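Please read the points below with the sequence and the model side by side. They are meant for someone who is new to looking at structures.

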2 protein chains.
Amino acid sequence: MTQTTRDQLLEAAAALFAERGFYGVSIANIADEVGLTKQALLHHFTTKEKLYGEVLQSISRDFERVRNEVMAASSDPADQLLQFLMAKVSKTEHDAIRSRLLMRELLDNKRRADTASVWYLKAFLDDLVAMVRALPVWRDTVDAEVLAAIYQALGAINYYAVSEPTLRGIFGDARYKALDKVYDERLEWLIQRVLIDPSG
Amino acid sequence: MTQTTRDQLLEAAAALFAERGFYGVSIANIADEVGLTKQALLHHFTTKEKLYGEVLQSISRDFERVRNEVMAASSDPADQLLQFLMAKVSKTEHDAIRSRLLMRELLDNKRRADTASVWYLKAFLDDLVAMVRALPVWRDTVDAEVLAAIYQALGAINYYAVSEPTLRGIFGDARYKALDKVYDERLEWLIQRVLIDPSG
DNA sequence: CGGGCCACTTACCGGTCGGTAAGTGTCAAG
DNA sequence: CTTGACACTTACCGACCGGTAAGTGGCCCG
């Protein structure tokens, strides 16, 4: 199946918004990427804000899909949690774009009146809290403790994901590759220690 | 001592760049904040890029100052490391601005030809690696492992710092405050587990 | 008193921004 | 053969962008 013009625009928008941020990209830039004029883009998504909103929405659908896959693949809550979190690690360019975009959203939604994205984030966090609460160790802990632990894992994942170009710039390809190799293992260890078996 | 106009501009610039990013702020916005025209700003910092560079530089000086304070306050490497990392946690508005600004820089310096800021970051990471290497546990580990562990702690710190407005938006002031209270303890525990006493 | 530096102003430049208006060509339904 | 929806175009708009040019007023130094 060939991509529709609309989907091509969405994909180009995601990549550019991730790389330069909402204000760093013009709708003409995005349209150019697909070989169209900005008015063609506005034909599909009446305003820049609406286009951005649809990009966020497509990401949130992605996460829900991954969550369902993980839940179906195993019935062990610890396994589900680990797989869901590790799936957030950037393996492909598409993953990296998603991480960067959400980090920017985290930084920007203070000033944007973007309640929509706040609610999507809430749903995502609620899902994670539920997954953690399925583990016996966490059953009798207050919400704040669960959230704090989750957030530390998310921080370790996403901060690193977003740093990839910078780290590559500092250390060069070879040493970055070496770092990347150990990061995965260490992350699994961290999730294990912080979330799955905190007492051990 | 009253602040010079130049310092006022630097402070206003830091706050606005942190909140909206480089492209989201005009030099006129920054000048307005201090009650001047943009040409007055250009009088002090010839270009927008140079102003931004000076903001980054002042942050890097801040870090060096904190590092020296921490090194002077204790001779125990484990203590120094813990204090240095915990000092990065946002306590004041100024700390939060710094975290946000650096996170944006991490996201943007792929596209900006901002080698300068890459070198600040390298120096900062080098300092941290040296502090960790001062601990006997890490003496015989490869660089990549040390860096990975450091990065996980930095991620847990900075991702959370940057999320403050979003989390407050999702959970409200009361529940955010509860989260904030437990986050500090949990962070200290994490640094202890990941960096200072990984075997324990 | 005179001259030059400093901090700052108004006026203006070419260019880009998001968005509107008014088409143009294609193609399927009636 | 016409009609109209659809996907797209060119031609604009006012607002704002970063930056330049050319002052203006105050203050220190001789």
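The numbered points below go through conventions, the two chains, the DNA and one helix.

1. This is a predicted model, in which local features need pLDDT of at least 70 and side-chain atom pairs count only at pLDDT 80 or more, while totals for chains, interfaces and linings use all residues. Residues are numbered from 1 along each chain as its sequence is written, and chains are lettered from A and ligands numbered from 1 in the order in which they are written.

2. Chain B can be superposed on chain A by a rotation of 180° with 0.0 Å of shift along its axis, giving an RMSD of 0.1 Å, where the fit is by least squares on the C-alpha atoms of residues with pLDDT of at least 70 in both copies. That is the relation of a two-fold axis. Among the residues of chain B, B:Gly155 comes closest to the rotation axis, with its C-alpha at 2.3 Å.

3. Between the chains, 43 residues of chain B are in contact with 43 residues of chain A (contact means that the C-beta atoms of two residues, placed from the backbone, lie within 7 Å). The largest share of the side of chain B that touches chain A, 27 residues, comes from H8(B); helices here are DSSP runs of H or I with at least four residues, numbered from the N terminus. By class, this side of chain B has 24 nonpolar, nine polar and ten charged residues, with Ala, Val, Leu, Ile, Met, Phe, Trp, Tyr, Cys and Pro counted as nonpolar, Asp, Glu, Lys and Arg as charged, and the others, Gly among them, as polar.

4. Which residues come nearest to DNA strand C? Of the 15 residues around the strand, they are A:Ser26, A:Lys48, B:Thr37, B:Gln39 and B:Ala40, where a residue is near if its C-beta atom, placed from the backbone, lies within 6 Å of the strand. The surface near DNA strand C has five nonpolar, eight polar and two charged residues.

5. In H2(A), the buried residues are A:Ile27, A:Ile30 and A:Ala31 (buried means 20 or more other C-beta atoms within 10 Å of a residue's own, exposed 12 or fewer, and partly exposed in between, with C-beta atoms placed from the backbone). Seen down the axis of H2(A), these residues fall within an arc of 95°, so they line one face of the helix; the arc is that of the directions from the helix axis to the C-beta atoms. Their cover includes helix H1 (5-20), H3 and H4 of chain A.

Note on methods
Helix = DSSP H or I, 4+ residues; strand = E, 2+ residues; numbered from the N terminus.
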